[in-house]
Amino acid sequence: MKALFAAIVAMFSLIAGCADDPADEGLEAQEVADTACGLADAQQGAFVEIAAGSFEKGRDALYPEEGVPMQLAVEGFAIQIHEVTNDQFAAFVDATGYVTDAERAGSALFENSNWRLAEDATWRTPEGAGSTIQGRGGHPVVHVSHADARAYAEWAGGRLPSEVEWEYAAAQGLRDPENPFSGAFDDAGRPLANVWQGIFPYQNTGTDGFLTTAAAGCFPESEAGLYDMIGNVWEWTDTPFGPGRHTIKGGSHLCAENYCRRYRPASRQPQESDFSASHIGFRIVRDLD
């Protein structure tokens with residue numbers, strides 16, 4: 001696991017090294033204060049029903065891993081309107097004493113324009129030792145592996161969505177079904193989701209008000225009544241992506257125009273099932289009676 005992560009970091013550093021020197025261009029990340037926002041208490045942990053139907057999975061694919069578009073039928077299900085939050089995960093840990101994989105073996109942390117394996121990065125200390133989730137109870141929980149997410153889902157009376165279910169719900173939420181980017185930007189190019197503005201990985205102008213994660217409800221709900229299906233954090237699904245990996249969906253606050261245009265329903269990435277990162281979270285679904 002750590003050997004593969006080291007290889008990924010080396011590759012990322014090589015790519016980043018091809019960019020102009022940020023000191024020469026003044027591309028240091030700007031400090032942007034988080035906007036005071038979030039969901040009302042009554043909305044915390046709420047679900048909406050997604051009716052059965054069909055859709056074109058993989059529509060408007062941009063990257064090879066997104067595959068060939070295909071028409072699929074989907075049964076109805078209920079989905080939490082927001083990503084699982086720090087407060088929700090804390091309640092689970094308090095009730096069960098659960099220990100995450102990151103608390104045993106560390107996690108991937110993005111800082112100073114690069115990734116590192118941080119043994120002190122956990123859901124409780126998302127930026128490593130000395131950091132805290134105090135005041136960020138409504139932010140998505142991060143540094144959780146697939147097993148961690150599944151354990152929470154079972155405790156909460158739900159399950160992780162399949163990739164097809166997740167993409168179906170995200171596609172239904174697009175403001176313009178003909179524009180796969182309409183979940184991330186409006187017609188004028190203004191951000192509707194928490195994604196990177198500027199030149200990744202050196203400059204994040206924070207036009208949307210955030211440099212890292214945002215609390216649920218800080219961006220408009222989708223046409224399906226869901227928050228942050230696009231951007232903020234990648235989300236685990238229960239669909240394998242080959243041996244030892246599962247599929248993550250939705251992109252994150254690190255996706256940018258120049259590096260990762262994966263803020264679309266069809267986007268998909270593999271993630272090691274027993275590993276976690278500072279830009280990966282999840283939400284849960286429930287079967288309809």
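Reader: In what order do the four strands of the open sheet stand, and what kind of pairing do they have?

Author: Happy to start there. The model is a predicted one, and in this sheet the order reads β9-β8-β7-β10, with mixed pairing.

Reader: What makes β9 and β10 edge strands?

Author: Count the partners. β9 (268–272) and β10 (280–281) each have a single partner strand, so one side of each has no neighbour in the sheet.

Reader: How do you know that β7 and β8 pair?

Author: Two strands pair if DSSP finds at least two bridges between them. Between β7 and β8 (residues 245–249) there are three bridges, in the antiparallel sense, so the two strands count as paired. For a place to look, find Trp236, which stands opposite Ile248 in β8. Helix α5 packs on this sheet and touches both β7 and β8, and its direction makes about 90° with that of β7.

Reader: Which strands form the antiparallel open sheet, and in what order?

Author: Those are three strands, in the order β1-β4-β11. Here β1 and β11 (285–287) are at the edges, because each has a single partner strand and one side left without a neighbour in the sheet. From one strand to the next, the twist averages 30°.

Reader: How do you know that β4 and β11 are partners?

Author: The same kind of test works here. Pairing asks for at least two bridges, and β4 (residues 77–80) and β11 have three, in the antiparallel sense. Ala78 stands opposite Arg286 in β11. Helix α6 packs on the sheet, where it touches β1, β4 and β11, and its direction makes about 75° with that of β4.

Reader: Why is the link between Cys37 and Cys218 called a disulfide?

Author: The cut-off is a pair of cysteine sulfur atoms within 2.5 Å. For Cys37 and Cys218, S to S comes to 1.8 Å, so the pair qualifies. A search of the whole structure finds one disulfide. As for where it sits, Cys37 is in the loop between α2 (22–25) and β1 (47–50), while Cys218 is in the loop between α6 (163–172) and β7 (234–240), so the bond ties together parts that are 181 residues apart in sequence.

Reader: Why is the disulfide of Cys37 and Cys218 called right-handed?

Author: Because the torsion about its S-S bond is about 95°.

Reader: Are the two cysteines of the disulfide, Cys37 and Cys218, buried or exposed?

Author: Buried means under 20% relative accessible area, and exposed means over 50%. Cys218 has 18%, so Cys218 is buried. Cys37 has 32%, which falls between the two limits, so Cys37 is partly exposed. By the under 20% rule, Cys255 at 1% counts as buried, and so does Cys260 at 7%.

Reader: What makes Ser131 a buried residue?

Author: Ser131 has a relative accessible area of 16%, and buried means under 20%, so Ser131 is buried. You will find Ser131 in the loop between β6 (114–118) and α5 (146–155). Its side chain reaches the backbone oxygen of Gly128 at 2.6 Å. Leaving aside residues up to four places away in sequence, Ser131 touches Arg124, Thr125 and Pro126.

Reader: How do you know that Glu65 makes a polar contact with Arg262?

Author: The limit for a polar contact is a pair of N or O atoms within 3.5 Å. The side chains of Glu65 and Arg262 come to 2.9 Å, so they meet that limit. Glu65 is in the loop between β2 (53–57) and β3 (70–74). Beyond residues up to four places away in sequence, Glu65 touches Phe241, Arg262, Arg268 and Gln269. With Arg268 the C-alpha atoms are 7.0 Å apart, although the two residues are separated by 203 residues along the chain.

Reader: Which residues of helix α3 are buried, and what do they pack against?

Author: In α3 (residues 86–96), the buried residues are Asn86, Gln88, Phe89, Ala90, Phe92 and Val93. They pack against β4 and α5. Just after α3 comes Gly97, with a positive phi near 75°.

Reader: How many helices and strands does the protein have, and what share of its residues is buried?

Author: There are six helices and 11 strands, and 51% of the 289 residues are buried. Among contacts with a separation of 6 or more, 70% join residues 24 or more positions apart. The protein exposes about 12600 Å², of which carbon and sulfur atoms supply 51%.

Conventions. Residues numbered from 1 in each chain as written. Predicted model: local features only at pLDDT ≥ 70, side-chain atom pairs only at ≥ 80, totals over all residues. Heavy atoms only, no water. Buried < 20%, exposed > 50% of the residue type's maximum accessible area, 1.4 Å probe, protein only. Polar contact = N/O pair within 3.5 Å; in protein donor to acceptor, adjacent residues only side chain to side chain. Contact = heavy atoms within 4.5 Å. Axes fitted to C-alpha atoms, helices over the stretch in contact; angles between N-to-C directions. Areas by Shrake-Rupley, 256 points an atom, 1.4 Å probe, with all protein chains shown as cover.
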